[in-house]
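This report describes the architecture of one protein. It begins with its principal pocket and then turns to its strands, its cores and one selected residue.

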Amino acid sequence: MALSTTEHINLDTMGRVLAQVVVINRIDQAKAEDGLLSTDQVRAVELEDVLVDTGATTLCLPAETIVKLGLKLLREVQISTANGIGTARIFQDAKISLCGREGTFECLELPGGQNPLLGVIPMEALGLEPDRQNQRLRVLPISSTETYLTIL
């Protein structure tokens with residue numbers, strides 16, 4: 001396909017899918033529901049431009065976001081990255097909300113300053129899939145006649 005002199009393609013963003021994600025400390029939220037914490041004490045962050053990454057397994061957050069949310073350490077794990085094998089910390093009880101869907105997931109701590117990533121496990125669990133052509137997340141159906149949830 002030939003482009004005229006006024007048309008161009010930004011190769012840096014072509015096929016990239018970004019999402020707005022709210023992350024809440026689920027333990028704080030449960031305490032607020034039980035009356036042990038006021039709702040304004042529930043720690044939460046709204047993240048813009050979270051990269052939808054089918055190469056990432058789970059939700060991946062920068063260390064400073066995890067600290068701000070006060071998430072609890074679950075375990076350390078071996079991970080495979082573009083730079084080779086390394087270790088990372090997994091934190092628990094990160095409730096995410098996006099595209100009208102919510103779920104609670106573990107999250108992996110990213111090394112210093114990296115941008116958050118939305119991996120395949122939360123996308124699958126929430127019935128979301130990347131639409132690279134339109135650069136957005138597609139919400140899969142969850143009605144009584146058609147649903148992405150299956151038991152086979």
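## The largest pocket

A pocket is an open set of grid points, on a 1 Å grid over the protein atoms alone, with protein on both sides within 12 Å along at least five of seven lines. The structure discussed here is a predicted model. Its largest pocket encloses about 690 Å³ of space.

The lining of the largest pocket comprises 28 residues, and C60, I79, T81, L108 and L110 are the ones that lie nearest the centre. Three strands, β4 (72-81), β5 (84-98) and β6 (101-110), each contribute at least two residues to this lining. Sorted by class, the lining residues are 13 nonpolar, 10 polar and 5 charged.

## Overall organisation

The protein contains 3 helices and 9 strands. Read from the N terminus, the order of the elements is β-α-β-β-α-β-β-β-β-α-β-β.

Of the 152 residues in the protein, 34% are buried. Among contacts with a separation of 6 or more, 56% are between residues 24 or more positions apart.

## Strand pairing

Strand β1 (18-25) takes part in two antiparallel pairings. With β2 it shares 6 bridges, and A19 stands opposite V50 of β2. With β5, β1 shares 4 bridges, and here N25 stands opposite A94 of β5.

Strand β5 also pairs with β4 in the antiparallel sense, over 9 bridges. K72 has Q92 in β5 as its bridge partner, and the hairpin that joins β4 to β5 passes through 2 residues.

Another hairpin is found at β8 (residues 128-131) and β9 (residues 136-139), antiparallel strands joined by 4 bridges. Within this pair, E129 stands opposite R138 of β9. The hairpin has 4 residues between its strands, and Q135 in the turn has a positive phi of about 50 degrees.

## Nonpolar cores

The largest nonpolar core consists of 24 residues; V23, L61, I96, L98, C107, L118 and L137 have the most contacts inside it. Elements that each provide at least two residues of this core are β1, β2 (44-52), β3 (59-62), α2 (63-69), β5, β6 and α3 (120-126). A second core of 7 residues is separate and includes C60, A88, I90 and L110. Two of these names, C60 and L110, also appear among the residues nearest the centre of the largest pocket.

Which residues does V23 contact, leaving aside its neighbours within four places in sequence? They are R43, A44, V45, L47, L61, L69, A94, K95 and I96. Of these partners, L61 and I96 are also listed with V23 among the residues with the most contacts inside the largest core.

## Residue L51

L51 is located in strand β2. Is this residue buried, partly exposed or exposed? Its relative accessible area is 27%; buried means under 20% and exposed means over 50%, so L51 is classed as partly exposed.

Not counting residues up to four places away in sequence, L51 touches R16, V17, L18, P116, L117 and L118. L51 and L118 are 67 residues apart along the chain, and their C-alpha atoms are separated by 6.1 Å. L118 is itself one of the residues with the most contacts inside the largest nonpolar core.

Notes:
Residues numbered from 1 in each chain as written. Predicted model: local features only at pLDDT ≥ 70, side-chain atom pairs only at ≥ 80, totals over all residues. Heavy atoms only, no water. 1 Å grid on protein atoms, 1.4 Å probe; cavity = no way out; pocket = protein on both sides within 12 Å on 5 of 7 lines; lining within 4 Å. Points joined across faces, edges and corners; volume = space filled by probe spheres on them. Nonpolar A, V, L, I, M, F, W, Y, C, P; charged D, E, K, R; others polar. Pairing = 2+ DSSP bridges. Core = buried A, V, L, I, M, F, W, Y, C linked by side-chain atoms within 4.5 Å. Buried < 20%, exposed > 50% of the residue type's maximum accessible area, 1.4 Å probe, protein only. Contact = heavy atoms within 4.5 Å.
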